[in-house]
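Colleague: I am new to this structure and should be grateful for a guided reading. May I put some questions about its sheets, helices and loops?

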Amino acid sequence: MEKNFETEVDQQVERLRNNPYREIERQVAEKRVAWFKENRLGIEGLTSPSPRLAYELLFFDYMGLSSDELPVVSETEETIEWLSRNACPTLEACQALGLDTRDVCRAVYEKSTQALLSQLDPQLRFLRSYEEIRPHAAHCRERIARVDFEGMMAMALEEAKVSKREGNKGYGAVVAIGNEVIGRAHDTAITEKDPSLHAELNAIRQAVHTIGDADLSGAVLFSTCEPCPMCSSLAVWANLTTVVYGVSIQETVQMGRSRIQVSSKKIVERSPVMVEVIGGVLREECLSLYI
């Protein structure tokens, strides 16, 4: 028997009242990923699933909503944007508890939604406007954008080459929200005589200054080399959604680089924050930096 809306609201009130947001986020992500694995709906083998397919998978197949509740306002091959107007248990629960949906939805449902989309294709990114979100607006403005991981990594490679020309160690990093670059930098530890100035740290500092917020949820960090434990930890504290790198720490160690041999995934696994880690993007090009 289907739950009625009032029951769903009551359950959400209890969930938000009695559980930390991070725990709810983890549970929701696990539920969504498990659903995807059980209901692939004939989409195995798709090399480049569209934002439209991801939108329909999330809202029609998984949530059981209709197009009337989620009118599309713009669409291209690379992005789809819609206005969510469906009856929402989380909205009602937040109002009952005096909670701000901007805080709750960002903490609980942004990364857990991305976890489902990444099963389809990690280059499809879920993005929400926190200026146009109910009850602060008549709708929730949301979109799914395809991000060119190789294109972003190519920018990081350009930064790494600048680093080498300047006499630094040859690392580059980019931070992006969707297809908007909000931070782009290389390591400057040698030239600025500051061992903390890794490419990732410089790019993350740029990013938070660009958006005026220390919370980078929804953003992706691209790095030519797997971030060191310091930079992976910074990715956690910045609440980045995803870290993408070219060549791994272990590979650079085998090439004679001095590295702390703790992987980004190990740092994330021991952290309180969900961060997706993806390696091997433009691996050969990044590898050539460190030969």
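The exchange below takes up the sheets, then the helices, then two loop residues.

Colleague: What kind of model is this, and how are its residues numbered?
Modeller: This is a predicted model, in which local features need pLDDT of at least 70 and side-chain atom pairs count only at pLDDT 80 or more, whereas totals for chains, interfaces and linings use all residues. Side-chain values use heavy atoms, with hydrogens and water left out, and residues are numbered along each chain as its sequence is written, from 1.

Colleague: Which strands stand at the edges of the open sheet of four strands?
Modeller: Helices (H or I, at least four residues) and strands (E, at least two) are DSSP runs numbered from the N terminus, and two strands pair if DSSP finds at least two bridges between them. The open sheet of four strands has antiparallel pairing and the order S1-S2-S4-S3. A single partner strand is found for each edge strand, so one side of each is left without a neighbour in the sheet; the edge strands are S1 and S3.

Colleague: Which residue of S4 is the bridge partner of Arg125?
Modeller: S3 and S4 pair in the antiparallel sense over five bridges, and Phe126 stands opposite Ile144 in S4. On the side of strand S2 (residues 79-84), six bridges join S2 to S4, with Thr79 opposite Ala145. The bridge partner of Arg125 in S4 is likewise Ala145.

Colleague: How many of the seven residues of strand S4 are buried?
Modeller: Buried means under 20% relative accessible area, exposed over 50%, and partly exposed in between, with a 1.4 Å probe and protein chains only. Strand S4 (residues 140-146) is largely enclosed by the rest of the structure, and the number of its residues that are buried is five.

Colleague: What angle does the direction of H6 make with that of S3?
Modeller: Contact means heavy atoms within 4.5 Å. Axes are lines fitted to C-alpha atoms, for helices over the stretch in contact, and angles run from 0 to 180 degrees between N-to-C directions. H6 packs on the four-stranded sheet and touches S3 and S4; its direction makes with that of S3 an angle of about 160°.

Colleague: How many of the eleven residues of H6 are buried?
Modeller: The buried residues of H6 include Glu110, Lys111 and Leu120. They pack against helix H2 (21-38), helix H3 (51-62), helix H5 (101-108), S3, S4 and strand S9 (276-278). H6 is largely enclosed by the rest of the structure, since its buried residues number ten.

Colleague: Which strands stand at the edges of the open sheet of five strands?
Modeller: This sheet has mixed pairing and the order S6-S5-S7-S8-S9. Within it, six bridges join strand S5 (residues 172-177) to S6 in the antiparallel sense, and Ala176 stands opposite Val181 in S6. Each edge strand has a single partner strand, so one side of each is left without a neighbour in the sheet; these are strand S6 (180-186) and S9.

Colleague: Are H8 and H9 roughly parallel or roughly antiparallel?
Modeller: The axes of helix H8 (residues 199-211) and helix H9 (residues 229-237) come within 9 Å and cross at roughly 20°. Angles under 35 degrees count as roughly parallel, over 145 as roughly antiparallel, 65 to 115 as roughly perpendicular and the rest as oblique. The crossing angle therefore makes H8 and H9 roughly parallel.

Colleague: Which residues of H9 make the contact with H8?
Modeller: By class, the contact of H8 with H9 has six nonpolar residues, no polar and one charged. Here Ala, Val, Leu, Ile, Met, Phe, Trp, Tyr, Cys and Pro count as nonpolar, Asp, Glu, Lys and Arg as charged, and the others, Gly among them, as polar. H8 contributes Glu200, Leu201 and Ile204, and H9 contributes Met230, Cys231, Leu234 and Ala235.

Colleague: How are H4 and H5 oriented to each other?
Modeller: The axes of helix H4 (residues 89-97) and H5 come within 10 Å and cross at roughly 130°. H4 and H5 are therefore oblique.

Colleague: Is Asp121 buried or exposed?
Modeller: Asp121 lies in the loop between helix H6 (110-120) and strand S3 (124-128). Leaving aside neighbours within four places in sequence, Asp121 is in contact with Pro49 and Arg146. With a relative accessible area of 7%, Asp121 is buried.

Colleague: Is Glu77 buried or exposed?
Modeller: Glu77 is placed in the loop between strand S1 (72-75) and S2. With a relative accessible area of 69%, Glu77 is exposed.
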